[in-house]
Structures are given as structure tokens and as C-alpha cells.
Amino acid sequence: MSNSLYSMLDVHSPANGVQQIQLHRPEALNALTTAMLGELALALEEAEANESVKVVVLTGSARVFAAGADVKEMAERDMVGILKDPRQQSWQSISRFPKPLVAAINGYCLGGGCELAMHADILIAGTDAKFGQPEINLGIMPGAGGTQRLVRAVGKSLAMQMVLTGQPINALQAKEAGLISEITQPELTLTRAMEVASQIAKKSPLALRLAKESILKGMDTDLNTGLRFERHAFTVLAGTKDREEGIAAFLEKRPAKFTGQ
Ligand code: CO8
């Protein structure tokens with residue numbers, strides 16, 4: 001069942017800990033308007049607060065994940081408009097989402113759409129997916145992490161090529177470069193993403209949260225600082241009931257029942 005609070009998203013009720021959020025603006029290939037990005041930020045805030053949501057799967061349609069920022073809306077913003085850009089808050093909110101976020105991507109994943117996909121922790125794409133930062137063709141450049149997250153994901157040379165030529169890469173290239181973790185047949189992308197999300201949803205939410213934070217922290221810092229953060233996070237988990245349960249379940253040869261305590 002979908003939540004009708006949202007006009008450009010299909011926000012499904014969580015099932016077995018997994019909530020599916022679908023970008024839904026078919027008339028513009030899911031181009032991200034300020035309002036749509038605001039809806040997504042809000043949906044993720046709600047997912048964060050909802051204890052029955054353990055993992056979110058973000059997807060688009062069969063043809064497109066998202067074709068970028070809405071160029072028509074963008075054309076109306078001058079420099080001061082961009083300086084006061086309300087989308088910035090939404091991006092920050094999306095980037096702070098603490099639960100695992102899995103993206104299921106088919107078709108075009110361009111510009112702001114690719115930047116959005118890179119906010120996901122795990123990216124699973126159909127063989128038909130195309131990833132690109134075509135902003136250079138509009139006389140601009142990526143503005144929501146496309147020069148920063150992309151280089152961390154695929155390395156300097158490919159990031160430069162994508163950003164400076166505006167040419168997209170296909171799913172196979174994205175897999176080889178490390179931008180995505182798996183390729184599937186297009187009709188199976190969402191199913192596979194839901195499978196991965198369901199596996200994750202059975203784990204301890206506390207361990208998931210700290211493991212995600214630790215990996216993301218490590219991408220932004222030097223090794224020693226990252227290792228210190230990991231050590232602290234690992235130590236904190238030693239005080240949880242979920243750790244007791246996980247270890248007891250292993251010793252008793254039964255599946256663990258994690259409660260997030
Ligand atoms: N913005 C607004 N409308 C769009 C966008 C977009 N990004 N992409 C497609 N549409 C609209 C088209 O205008 C068209 O509408 P209409 O029928 O009313 O003319 C409809 O979607 C269908 O599109 P096409 O007819 O072009 O479909 P094609 O199959 O021929 O082509 C493409 C598909 C190749 C994806 C093509 O639509 C395209 O090149 N789109 C633009 C891609 C692009 O340049 N993206 C980057 C935008 S800039 C950006 O993302 C900056 C990010 C800054 C950070 C902040 C983000 C929120």
C-alpha cells in the first residue's frame with residue numbers, strides 16, 4: 001500500500017523491515033524538482049523515525065531512475081537563487097539517513113539522478129542502466145556531490161572522463177569501476193534489491209547503523225582516524241542486547257532474533 005501524502009513518490013508500507021520508495025514523475029523522466037527532492041527527504045526522515053523500517057529500497061521506473069535535476073526549474077534560478085537553493089537542505093537530510101539504503105536502478109541515471117543514486121549504500125542496476133553526469137553539456141557542472149562521490153566511487157580518470165565529456169557509462173562499466181555492486185536483468189533489478197534488503201533487515205539495527213557510519217566515516221578521513229572510529233563503534237556494540245543475542249544464537253545453533261536493544 002502507498003502513502004498518499006506524497007505526490008511524486010510512491011512510499012510503500014514497510015514489509016518485513018523493508019520499505020520501498022519509488023520516484024514517480026513519469027512525465028519528466030523522474031527529473032528531480034525541489035519539491036520532489038523535499039518529498040524524498042521527508043520520506044527518509046519518516047523512515048528513520050519508523051522502527052518497523054530497517055532498510056529502504058529506492059527505485060525509479062523500468063525506463064529511468066532519474067534524468068537529473070529538473071532543467072526547466074533550474075533555468076529559472078539565477079546565482080542568488082542557487083546560493084539560497086532550498087535543495088541543499090534536502091540533500092543534507094538524504095545524506096544523513098542512518099539506515100541502510102539500497103538503490104535499484106534501471107535505465108537513465110543522470111546528473112542529479114546519479115548523484116542521488118550515489119547517496120545509496122548499495123547500488124544494484126539492470127543491464128540497461130546508464131550512469132552519467134551530463135551537466136557539462138548545459139554549461140554547468142555537477143552540484144550535488146557528482147565531483148566528490150563519483151571520484152571516490154570510480155577513481156580519478158573515469159570520474160574526469162564522465163564529468164568532462166558528459167558521456168554516460170553503461171552498467172557493465174559501472175560494475176567494473178565499483179560504482180554499483182551487482183548487475184541484473186532489468187526485470188529482476190527491484191526483486192534482487194529487495195532480496196538484498198531483506199537479508200540486511202534481519203540483522204541488528206544497531207550494528208547496521210554503526211557499520212554504515214563507520215564505512216562512510218572511513219571514506220572521508222585518514223586510516224588511523226577511521227580505525228579509531230571503528231574501534232569505538234565496535235566497543236559500543238559490546239554493550240547491546242543484540243550482541244548477546246547474536247552470540248547466544250550462534251552457540252545454540254538457532255537463528256538470532258534481534259530487537260535493536
Ligand atoms: N529536466 C526536466 N525535464 C526533463 C529532464 C530533466 N532533467 N529529462 C527529461 N525531461 C523531460 C523532457 O523535457 C521531456 O518532456 P516533454 O515531453 O514535455 O518535452 C520528457 O522528459 C521526456 O524526455 P525526452 O523526450 O528527452 O526523452 P528521450 O528518451 O529522448 O531522452 C534523455 C532521454 C537522454 C534522458 C534526455 O531526456 C536528457 O538528456 N535529459 C536531460 C539529462 C540531463 O541533462 N540531466 C542533467 C540535468 S542537470 C543536473 O542534474 C544538475 C544537478 C545539480 C544538483 C541538484 C539536483 C536536484
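Here are three short exercises on the pockets, surface and salt bridges of this structure, each with a worked solution.

The model is predicted, so local features need pLDDT of at least 70 and side-chain atom pairs count only at pLDDT 80 or more, while totals for chains, interfaces and linings use all residues. Residues are numbered from 1 along each chain as its sequence is written, and side-chain values use heavy atoms, with hydrogens and water left out.

**Exercise 1.** Describe the largest pocket and find which domains line it.

*Solution.* Start with the term: on a 1 Å grid over the protein atoms alone, a pocket is an open set of points where a 1.4 Å probe fits, with protein on both sides within 12 Å along at least five of seven lines; lining residues have an atom within 4 Å of a point. The volume, about 1,000 Å³ here, is the space filled by probe spheres set on the points, which are joined across faces, edges and corners.

Next, the lining: it has 33 residues, with H119, D121, K212, L216 and M219 nearest the centre. Helix α10 gives the largest share, nine residues (helices are DSSP runs of H or I, at least four residues; strands are runs of E, at least two).

Finally, domain 1 (2-201) and domain 2 (205-251) both contribute to the lining, so the pocket lies between them. The domain bounds come from an automatic or database assignment.

**Exercise 2.** Describe the second largest pocket, then a nonpolar surface patch that shares a residue with its centre.

*Solution.* This pocket has a volume of about 630 Å³. Among its 31 lining residues, A69, M74, E135, I140 and M141 lie nearest the centre.

I140 also joins V71 and L138 in a nonpolar patch with about 240 Å² of accessible area together (Shrake-Rupley, 1.4 Å probe; residues over 30% relative accessible area without a salt bridge, nonpolar side chains joined within 5 Å). L138 sits in the loop between β8 (130-132) and α6.

**Exercise 3.** Count the salt bridges and place the one between R192 and E195.

*Solution.* With a Lys or Arg side-chain nitrogen within 4 Å of an Asp or Glu carboxyl oxygen as the rule, the count is 11. R192 and E195 meet at 2.7 Å, N to O. They are three residues apart in helix α9 (residues 189-201), so about one helical turn separates them.

Technical notes. Patch = residues over 30% accessible without salt bridge, like charges linked within 9 Å, V, L, I, M, F, W, Y side chains within 5 Å.
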